[in-house]
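Biologist: Could you take me through this model, one topic at a time?
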Protein chains: 2
Amino acid sequence: MASSNYPKGLAKREEILTAALAIVAERGYNRATIRELAEAAGLSKTGLLHHFGTKEELFAEILRRRDVVDEAQIERATSAGLDPKISDLPRLSSGVPGLVQLYTRFSAEATDPEHTAHDFFRERYERARERSRAVLEKFRAEGRLPASVDPEQAATALVALLDGLQIQWLYDSSIDMAAEVAFFLAQLGLDSPASE
Amino acid sequence: MASSNYPKGLAKREEILTAALAIVAERGYNRATIRELAEAAGLSKTGLLHHFGTKEELFAEILRRRDVVDEAQIERATSAGLDPKISDLPRLSSGVPGLVQLYTRFSAEATDPEHTAHDFFRERYERARERSRAVLEKFRAEGRLPASVDPEQAATALVALLDGLQIQWLYDSSIDMAAEVAFFLAQLGLDSPASE
DNA sequence: GTCTATACAAAGATAGAC
DNA sequence: GTCTATCTTTGTATAGAC
């Protein structure tokens, strides 16, 4: 997907992504046109398109990175002996309103089967469900989750809940996403030990 | 909002909305340009824009109608002595994939505070939460819902769940929205009598 | 490989004639 | 109330300079 691995190209790609993220965060998705993004990164539109073939690819790359950062954070917490604090999920990247908006709008647009990022999101949702299911299954095996709860069904609901909460939060920032996720997990009967 | 109340204008508006809905349902949101919508309704682009100032207003009107139809259906069921079958919610208009896509994409776009339909959705979400809360509260008063469940918190989660499920369903139609909602309600401890 | 300038198609919106 | 014509802005493709 990347057009090159040369040092200069890589550095410029970083610069573009950073600038793009800042634009999206500050002025919103609508104002994030390739002209604006190019200008912010200090090159022409076509210069930007040399590195990222299309606008969609650029945004997909931003979200891909968000996922990498989030997963690394979860990984670190897990290997440190902590339980993955699922109720913290919405706090990970969601502190950045621009990122949440980008994710929400882009995932909605890519709903179109012919959208470039359609497969990206389809697979992403599959992975999200699968990972959530694995965690819930582990909890169930440890006796922390009632056997009556179907991990697969719960995982799908959890992923849906996160998406839906982000939308509502974009319309009303008083929505407490973390509290809602905690509520959901409590309803599942998840025994959460000393969650600070 | 409407440009006129003359019989001819009203009839044309109906025709436009019906045609627009068909286009969206059949060819998706992206292909639903005002040119295409105008063509389908048998007039020019500007002819269409005379009736609906902008594309956004047209779509907002379609969704407004979806809500009216859905609410009427719920109202009818309720006054017939039936409980509002919340788990049937995703089945109401959601049988029509085009409508679900329209709703999902439009609600994501209107996330931008400067979008014409922003206030429409903000208020719509408020109403949705409020109505869900009222129903859950009623159930709790009837002893069908554990007193430990906070109706407000549960209402927000329910609305979020519905939105999130629709997104996932658009990527994978094997997602069973009704089953997921039923699962959620069961986890709340809702005592659902003879749900057929 | 990296980039700029030019050119173009399609979108939504507006002005003014009929 | 409806249309033609025009305007602006979007994203993208092409040609070619360094």
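Biologist: Which element gives the largest share of the surface near DNA strand C?
Modeller: That is α3(A), with 5 residues. Helices here are DSSP runs (H or I, at least four residues), numbered from the N terminus. A residue is near a strand if one of its heavy atoms lies within 4 Å of it. Please note that this is a predicted model, in which local features need pLDDT of at least 70, side-chain atom pairs count only at pLDDT 80 or more, and totals for chains, interfaces and linings use all residues. Residues are numbered from 1 along each chain as its sequence is written, chains are lettered from A and ligands numbered from 1 in the order in which they are written, and side-chain values use heavy atoms, leaving out hydrogens and water.

Biologist: Which residues come nearest to DNA strand C?
Modeller: Of the 20 residues around it, these are Gly9(A), Ser44(A), Thr46(A), His51(A) and Thr46(B).

Biologist: And which polar contacts are there with that strand?
Modeller: A polar contact is a pair of N or O atoms within 3.5 Å; within protein, one must be able to donate a hydrogen and the other to accept it, and residues adjacent in sequence count only if both atoms are side-chain atoms. Among those with DNA strand C, a polar side-chain atom of His51(A) is 2.4 Å from a phosphate oxygen. The side chain of Lys55(B) has an N or O atom 2.9 Å from a phosphate oxygen, while a polar side-chain atom of Arg35(B) lies 3.2 Å from a base nitrogen.

Biologist: Turning to DNA strand D, which element gives the largest share there?
Modeller: For DNA strand D it is α3(B), with 4 residues.

Biologist: Which residues come nearest to DNA strand D?
Modeller: Ile34(A), Lys55(A), Thr46(B), His50(B) and His51(B), out of 16 residues around this strand. Sugar and phosphate make up 53% of the atoms of DNA strand D that come within 4 Å of the protein.

Biologist: What does Thr46(B) approach on DNA strand D?
Modeller: An N or O atom in the side chain of Thr46(B) is 3.0 Å from a base oxygen. By contrast, a polar backbone atom of Ile34(A) lies 3.2 Å from a phosphate oxygen of DNA strand D.

Biologist: Different topic: what rotation superposes chain B on chain A?
Modeller: One of 179°, with 0.0 Å of shift along its axis and an RMSD of 0.1 Å. The two copies are thus related as by a two-fold rotation axis. The superposition is by least squares on the C-alpha atoms of residues with pLDDT of at least 70 in both.

Technical notes. Helix = DSSP H or I, 4+ residues; strand = E, 2+ residues; numbered from the N terminus.
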